[in-house]
Amino acid sequence: MGFRKDFLWGGATAANQYEGGYLEGGRGLATSDAIRGGNVNTPRKYTIMTKEGEVMELGREESLPEGAKGYIIPGIYYPSHQAVDFYHRYKEDIALCAEMGLKCFRLSISWTRIFPRGDEEEPNEEGLKFYDDVFDEMLKYGIEPVVTIMHFDTPMYLADNLDGWHSRKLIDYYVRYCDVIFRRYKDKVKYWMTFNEINILRSWMQLGIHSTAPQVRYQADHNIFVASAKAVQLGHSINPDFQIGMMVAYGPFYPLTCNPDDVMESIKKNREKEFFMDVQVRGYYPEYQMKWFERNGVKIEMEEGDLEEIAKGTVDYIGFSYYMSNTSSADPNAAKIGGNQVFGGKNPYLKASDWGWQIDPMGLRISLSQIYDRYHKPMFIVENGLGAADKVEEDGSVHDQYRIDYMRDHVRAMKDAVDLDGVDLMGYCPWGHIDLVSAGTGEMKKRYGFVFVDRYDDGTGDFSRRRKDSFFWYKKCCESNGEDID
Ligand code: BG6
């Protein structure tokens, strides 16, 4: 009983929110570099220049005017540029992780550190060397790197010149990028994920696409499916021991009531995630999605061989983020609540975080069971956690009991999924175990970490790190393989 002996207790980050050093080491620009900060009431905007030379700010759901390109306004604070400076502080951060007893560390590689424009023939050695150093440092402590190959940062050059993932050309550029990193790190990295939260990618910010129309979004998704499937096959041919997973943002949509219409709504909402798992885990487009395409006038252009690639390139495990659950209702006036890049219905039985994300540990067990029952693949929770505004006391301590409570309840739910439901769970990587920039709001104020980073929303702070109370709780949890959590 309990978690497997080789259970991967870890933490999770992404280059665009954590790494900084955005112009160092020959790195090129990514779409994520042009996204400004926001807050819970003010959504983040990205900055572009129109072909007439006008600078504009657009929101996630807006399309770009024709011919517009990403543009960084000089003198303006963009949170990703320095983020929390892992680029210069990786040794300190990894040492803190070793002290916490972490067995793995999830990070993403910044594509534009390796291929600054995205379309070059040869990679940037300085970028490759940086990750060599990072992985070596992790391995020195016996910490296993878990690598996301793309986490919300399409190369800006490919966005500007090819309409990002709307273009099939990105398949080849991405596969070349994978080829380089797979070969270079084949003896250092075993666990990979091809795309972060594949089911919520839908804008210029993440995909470099200029239109948010479903036709464009789903064509980009198709290109991503093919790219991912090719990468999985390539990775296995380079090192058969590679474990290459998909990554989905998961959170169940419960029917708001037992009214069958609400139940049907919840089925439809859950399919929005299942579609991506069906393609990447089962290896084919499901019927309900083909019907949806038909009804909505979406025609996916496929080349001969695409479906075979997708069928051959299924993943080894399912990585997913879990923060919250939602409700679905057939009543368009049912109360709504915010969340992880998707909006859902309010649940009267649940409390929410200060950012309106409903807290539901049982929802994690439900998610694990639902996904495992459907696919019977090993599962990996690669994000989970509580975004909260922490306070540093005069003596420098941070008393984040609310975070400890949240994490403990979720670890218990995981344990139930393993012990009572028989789920094959590989590991658990709480999100932002070292404070980092929020993806949704661009804030530093919304902190997830066990380690506090001295960095604030006005761009001030000296980046120093301090251990929160949750650091000591998580250390006990990791060192006891999830047994000592009370
Ligand atoms: C997921 C992402 O959406 O949730 C992360 O993979 C993100 O990049 C995390 O940071 C938490 O969301 P937020 O908006 O609180 O940063």
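The following questions and answers concern the strands, the ligand shell and the cysteines of this predicted model.

Visitor: In what order do the strands of the open sheet of 3 strands stand?
Guide: The pairing in this sheet is antiparallel. Strand E3 (55-59) and strand E4 (69-70) are the edge strands, and each pairs on one side only. The order is therefore E3-E2-E4.

Visitor: Which residue in E3 is the bridge partner of Tyr 46?
Guide: Strand E2, residues 45-49, runs antiparallel to E3, and 5 bridges join the two. For Tyr 46, the partner in E3 is Leu 58.

Visitor: Is the pairing of strand E7 with E8 parallel or antiparallel?
Guide: Strand E7 covers residues 191-195 and is joined to E8 over 3 bridges. Within this pair, Tyr 191 stands opposite Gln 243 of E8. The sense of the pairing is parallel.

Visitor: How many residues of strand E8 are buried?
Guide: Strand E8 comprises residues 243-250 and is mostly covered. Strand E10 (residues 317-322) runs parallel to E8, with 6 bridges between them, and Val 248 has Phe 320 of E10 as its bridge partner. Of the 8 residues of E8, the number buried is 7.

Visitor: How do the residues of the shell around the ligand divide into nonpolar, polar and charged?
Guide: The ligand is surrounded by 15 residues. Among the closest are Glu 197, Glu 383 and Lys 446. The shell divides into 6 nonpolar, 6 polar and 3 charged.

Visitor: What percentage of the accessible area of the ligand does the protein cover?
Guide: An oxygen atom of the ligand lies 2.6 Å from a polar side-chain atom of Lys 446. A polar side-chain atom of Gln 17 lies 2.7 Å from an oxygen atom of the ligand, and for Gly 440 a backbone N or O atom lies 2.7 Å from a ligand oxygen. On its own the ligand has 380 Å² of accessible area, and the share covered by the protein is 99%.

Visitor: How many disulfides does a search of the whole structure find?
Guide: A disulfide requires two cysteine sulfur atoms within 2.5 Å. For Cys 429, the nearest cysteine sulfur, that of Cys 104, is 3.5 Å away, and Cys 429 is in no disulfide. Cys 429 is also buried, with a relative accessible area of 0%. The number found in the whole structure is 0.

Visitor: Which residue holds the cysteine sulfur closest to that of Cys 477?
Guide: Cys 477 is buried, at a relative accessible area of 0%. The closest cysteine sulfur is 5.4 Å away and therefore too far for a bond. That sulfur belongs to Cys 478.

Methods: Residues numbered from 1 in each chain as written. Predicted model: local features only at pLDDT ≥ 70, side-chain atom pairs only at ≥ 80, totals over all residues. Heavy atoms only, no water. Pairing = 2+ DSSP bridges. Helix = DSSP H or I, 4+ residues; strand = E, 2+ residues; numbered from the N terminus. Near = heavy atom within 4 Å. Polar contact = N/O pair within 3.5 Å; in protein donor to acceptor, adjacent residues only side chain to side chain. Areas by Shrake-Rupley, 256 points an atom, 1.4 Å probe, with all protein chains shown as cover. Nonpolar A, V, L, I, M, F, W, Y, C, P; charged D, E, K, R; others polar. Buried < 20%, exposed > 50% of the residue type's maximum accessible area, 1.4 Å probe, protein only.
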